[in-house]
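Visitor: Please take one part of this model and go through it closely. I would like the helix packing, with the cut-offs spelled out.

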Amino acid sequence: MAQQRDEDNFRSQVEDRLDHLFQEDSPEATEEHARLREHPLKGLKAILLSIDWEITNGTMDSLLNEIKNVEYIYSEDKIILTFLQLLGSIGRYVKANKGRAHPNATRVINSVYEALEKVALTEGMSRAEKEKMLLEEVANFKKLKEQVVLRKVEKKEPAVSKGAPPPPAPAPEEKEISVTESFLPEETAVEARAEARFAGMSPHEAFAYALEEIKDVIRAEFRALRAEIKLWRESK
Amino acid sequence: MESRLGFLKPFEPNGSQERFGFMAIINLKKKEVQSKIVYYGPGRGGKTTNLEYVYKKFRSRIQTEMVTIKTHGDRTLFFDFLPIQIGTIRGYDIRIQLYTVPGQVKYESTRRLVLRGVDGIVFVADSLAVRRKENVLSLKSLADNLASYKKSILEIPLVFQYNKRDLTDDGIPLLPVEWLEQDLNSELKAPYFEASALKGPNVAQTMKKIILMTIDSLRNDLT
């Protein structure tokens, strides 16, 4: 009897400690959720969560359509628009490749969306902060693109040695991330075109070609800089 | 040396540390009781998110550090570890060690390793409709892995958490709780919680329940 009382007492002490430890004191998370419920990004988030597990033409079409809807809503906000274009690019790539898509593609989609949500929902975030977040996601996107290209090259160049067993039947070819968009795009499109041009050249030819390309890029950069300086002077 | 906890069997080991039943550690010299609880479940079900929520939300009171090892894809590679100190009760320092296992199928041997010495389990089931099969497979793997340590899923303290219930607000198809109960808990009849590890509802309740059940089990095991 005394032991039973002892046990109950011990249990209730543990319960008290746990109640104290897990005492609720901040409703932050629920507030954030409530904000999103009424937000134009709500539908986009729902679709992104569903494609986390199920990549089908249907879900990917829904994603791309929803991106278009949200693009329309944010047509005046260049930063958000660029986030959406990043999502669209990766979305089209995942749709084209589905299970063969690079495993990092969904990670980058999620990362871009998280940053987009933060930029869209955080009140009082400065333009500089928004741009910084955008640049980070652009860097992630470019890295993913490089990984996709690298994987494609690796698939095309299997090591062949005498007496080695025949290679397995080739998997369906992986399609690259589309580079036809008009945002950062200019740059990535140039990269893709260059890759195509270098194919079949000797190393020396490719080097000379690349040097000319670099000169062109530098000239273009200077032209752009001059134009910006001119605009700045005019605005003074 | 006699245990000061009324229900603990007194023992006099050569060393001061003993393992009981499901391997909780009672250290009489240091006056410590340590118990290990593992969050188990399919990949991307929310095991790590559970610990992260508790760690962030109750940070000021937990006063320990969470250790987590992730891959580039933000997935658990080995395990997450969050020690929680319940405090001193009757002179004994009660410590709970919370672990998660990596959910991805390929890490079966790691999951088995993390389960070694486990005292209590939270099975975090994914409520997404498309994850029904993965839940069942993961529960089976839990039973098999426990069996490899000669433990029964029917006997170990177990709490189910049906996670991601908040997604119903976003229009995402979820498994009805009745289906989850039928698929996973019809024989085990373990307590369950509908929760959202991301938003918080029932995350702490799940943890409180498993800690209490584990301490009860430890008590029963010792008397």
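Guide: Here is a close look at one helix pair, followed by the nonpolar cores.

This is a predicted model: local features need pLDDT of at least 70, side-chain atom pairs count only at pLDDT 80 or more, and totals for chains, interfaces and linings use all residues. Residues are numbered from 1 along each chain as its sequence is written, while chains are lettered from A and ligands numbered from 1 in the order in which they are written.

Two packed helices are described by the angle between their axes and the distance between the axes. In chain A, H4 (residues 57–73) packs on H5 (residues 78–97) at about 165°, with the axes 10 Å apart. Helices here are DSSP runs (H or I, at least four residues), numbered from the N terminus. Axes are lines fitted to C-alpha atoms over the stretch in contact, and angles run from 0 to 180 degrees between N-to-C directions. The angle therefore makes H4(A) roughly antiparallel to H5(A) (over 145 degrees). The crossing is left-handed (near helix turned anticlockwise from the far one by less than a right angle).

Contacts (C-beta atoms, placed from the backbone, within 7 Å) involve Met60(A), Leu64(A) and Ile67(A), among others, in H4(A). On the H5(A) side they include Leu84(A), Gly88(A) and Gly91(A). The contact residues divide into 9 nonpolar, 3 polar and 3 charged.

Now the cores. The largest nonpolar core has 55 residues, and Val38(B), Ile121(B) and Phe123(B) have the most contacts inside it. Helix H6 (residues 203–222) of chain B gives the most to this core, with 8 residues. Apart from it lies another core, of 27 residues, including Phe83(A) and Leu87(A). A nonpolar core is a set of buried Ala, Val, Leu, Ile, Met, Phe, Trp, Tyr and Cys residues joined through C-beta atoms within 7 Å; buried takes 20 or more other C-beta atoms within 10 Å of a residue's own.

Conventions:
Helices (H or I, at least four residues) and strands (E, at least two) are DSSP runs, numbered from the N terminus. Angles under 35 degrees count as roughly parallel, over 145 as roughly antiparallel, 65 to 115 as roughly perpendicular and the rest as oblique. Two residues are in contact if their C-beta atoms, placed from the backbone, lie within 7 Å. Ala, Val, Leu, Ile, Met, Phe, Trp, Tyr, Cys and Pro count as nonpolar, Asp, Glu, Lys and Arg as charged, and the others, Gly among them, as polar. A residue is buried if 20 or more other C-beta atoms lie within 10 Å of its own, exposed if 12 or fewer, and partly exposed in between; C-beta atoms are placed from the backbone.
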